[in-house]
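Subject: Structure for your files

Hello,

Here is the structure I said I would send. My notes on the sheet and the helices follow it.

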Amino acid sequence: MKEKNSMLFLGFLSRAALIMMTIISVFGWNGVKGHPPSRILLDTDMGTDDIFALLYLLKLNRSEMDLQAVTISSNAWSDAGHAVNHVYDILYMKGCDDVVVGVGGEGGILPDSTILPNVGGYLPMIDQGNVTAGYCRYRQAIPVGHGGRLDVNSNYGFRKSFLPQGKRTYSPLRQPTAQKVMIETISAGPTVVFLIGSHTNFALFLLSNPCLKKNVEHIYIMGGGIRSKSPKGCCPDNASPSCQPQQCGDHGNLFTDYTSNPYAEFNIFMDPFAAYQVIHSGIPITIVPLDATNTIPVNNFFFETFEKNQHTYEAQYCFKSMKMVRDTWFNDQFYKSYFIWDSFMAGVAASILRKRYNHQGENEFAEMEYMNVTVVTSNKPYGISDGSNPFFDDSKAPRFNLERNGVHSGHVQTRLGDPFCIVKNGRGRCQDGYTKEVDKPGGVPVLVAVKAKPNQNGSSLLDREFFVSFLHVLNQAEHTG
């Protein structure tokens with residue numbers, strides 16, 4: 001009898017061990033302890049602040065935040081090949097060559113609104129035809145020279161001298177496309193999407209692959225300005241009567257064209273129609289807009305503390321990048337004009353994701369609030385035909401089945417200083433790319449970061465809680481390149 005009981009007990013242990021091994025094989029050890037890691041797809045334009053966000057994410061424990069893929073937003077602050085090589089070099093330094101990188105593609109959008117496979121995403125959707133080159137309607141707002149694309153492409157000339165180069169390099173004919181990478185990554189399982197550039201790539205994915213929306217758990221966005229009021233360009237209290245405020249109080253941050261459009265933020269302005277598609281997709285969305293990032297400027301205390309705490313290659317590269325931006329800033333207002341943007345969104349998102357079923361967005365770094373939001377894609381009056389709006393002007397029927405007199409049918413900003421947008425002796429009136437708070441049914445409820453939380457340690461010179469996390473994460477010995 002004892003022998004029989006022993007055999008039964010051993011059989012039970014064998015079955016229990018098999019079940020445990022199955023669970024581990026599916027979810028990993030973290031799945032046994034809690035929930036599986038968040039699979040993350042990052043879409044980025046690889047500006048300087050994007051570097052900070054990417055390295056912050058890569059320094060986090062992959063058993064919690066597992067970066068699966070990076071796609072390049074190639075119609076904004078950097079050009080395709082340079083951005084891909086920059087990401088490859090960072091991933092190689094981190095030992096993360098398993099992270100796939102996608103950009104562009106040779107597909108287009110036909111006149112009947114058919115989106116071809118591997119559509120390029122090099123142009124905003126309103127100007128995308130069946131070619132990969134065309135009119136730079138919104139990208140004109142991004143400088144080419146000083147502080148613009150040429151500086152960003154090479155990270156002010158020191159990317160190659162600092163970062164190691166691996167075997168992966170940009171190859172136009174062999175490079176995985178953004179759409180292919182998105183489809184394969186999101187098809188493989190539940191995915192969290194981080195958007196820290198324009199929304200073109202992801203909007204095209206959503207419109208082309210509606211059956212895969214169910215695999216997108218959440219979208220985190222750095223972009224827009226909802227109730228924000230720009231602190232830049234304000235006259236000081238002791239200013240002379242001749243001082244003329246510039247962007248002071250604007251919702252947006254288009255420093256190159258605020259006299260035409262004081263409402264838009266760069267990431268959303270690069271493709272307002274794409275951002276509209278993303279925000280109205282029905283997928284849960286959290287936005288970290290200028291409302292919050294304007295409350296976490298890089299001040300001299302943070303800068304000096306960062307300078308003294310560069311104990312890893314990641315921290316050194318980030319500080320060197322930030323110092324180059326400061327030293328080449330176009331005026332003496334760097335500490336009042338440069339903010340923690342994309343990495344702040346990454347920190348807020350990671351903090352939210354660590355808590356399961358965290359529908360109110362509780363996190364360590366930002367105060368949150370639900371708002372009803374939309375994205376303005378054209379300007380009133382609607383239903384006009386003035387040659388500015390290819391969705392309507394170039395087609396017998398509106399493209400993408402848009403309403404003839406709907407919110408997308410007005411004048412669309414054509415260029416910097418668009419005469420339609422200029423108001424004599426007043427603020428510009430164009431609102432293309434404005435993430436606007438509206439009543440239902442015109443908007444959708446999204447979770448919005450409204451303010452950066454102060455440092456819990458009131459005696460610290462670092463006045464924001466995220467500053468502490470940012471420096472700690474970049475300088476921790478674990479996951480060092």
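Two strands are taken as paired if DSSP finds at least two bridges between them. On that basis, in this predicted model, nine strands form an open sheet with mixed pairing, in the order 3-2-1-4-5-6-9-7-8. Strand 3 (100-103) and strand 8 (435-437) stand at the edges with a single partner strand each, so one side of each has no neighbour in the sheet. From one strand to the next, the twist averages 30°.

Strand 4

I looked most closely at strand 4 (residues 191-196), which is mostly covered, with six of its six residues buried. In a regular strand, side chains alternate between the two faces of the sheet. Here both faces are covered: Thr-191, Val-193 and Leu-195 are buried on one side, and Val-192, Phe-194 and Ile-196 are buried on the other.

Strand 4 runs parallel to strand 1 (residues 38-44), and five bridges join the two. Within this pair, Leu-42 stands opposite Phe-194 of strand 4, and Thr-44 stands opposite Ile-196. Strand 4 is also joined by five bridges to strand 5 (residues 216-222), again in parallel. There the bridge partner of Phe-194 is Tyr-220 of strand 5. Phe-194 is thus placed opposite Leu-42 and is also bridged to Tyr-220.

The connection from strand 4 to strand 5 involves helix 7 (residues 200-208): strand 4, helix 7 and strand 5 make a right-handed β-α-β unit.

Helix 14

Which strands does helix 14 lie across? They are strand 1, strand 2 (65-72), strand 4, strand 5, strand 6 (285-288), strand 7 (366-375) and strand 9 (444-452). Helix 14 runs at about 160° to strand 4.

Helix 14 (residues 342-353) also meets helix 2 (residues 48-59): their axes come within 7 Å and cross at roughly 30°. Angles under 35 degrees count as roughly parallel, and helix 2 and helix 14 are therefore roughly parallel to each other. On the helix 2 side, the contact is made by Asp-49, Asp-50, Phe-52, Ala-53, Tyr-56 and Leu-57. Helix 14 contributes Asp-342, Ser-343, Ala-346 and Gly-347. By type, the residues of this contact divide into five nonpolar, two polar and three charged.

If you open the model, Phe-194 is a convenient place to begin, with Leu-42 opposite it in strand 1 and Tyr-220 as its partner in strand 5.

Regards

Conventions. Residues are numbered from 1 along each chain as its sequence is written. This is a predicted model: local features need pLDDT of at least 70, side-chain atom pairs count only at pLDDT 80 or more; totals for chains, interfaces and linings use all residues. Side-chain values use heavy atoms; hydrogens and water are left out. Axes are lines fitted to C-alpha atoms, for helices over the stretch in contact, and angles run from 0 to 180 degrees between N-to-C directions. Helices (H or I, at least four residues) and strands (E, at least two) are DSSP runs, numbered from the N terminus. Angles under 35 degrees count as roughly parallel, over 145 as roughly antiparallel, 65 to 115 as roughly perpendicular and the rest as oblique. Contact means heavy atoms within 4.5 Å. Ala, Val, Leu, Ile, Met, Phe, Trp, Tyr, Cys and Pro count as nonpolar, Asp, Glu, Lys and Arg as charged, and the others, Gly among them, as polar. Buried means under 20% relative accessible area, exposed over 50%, partly exposed in between (1.4 Å probe, protein chains only). A crossover is right-handed if, with the strands pointing away from the viewer, the path from the first strand over the helix to the second runs clockwise.
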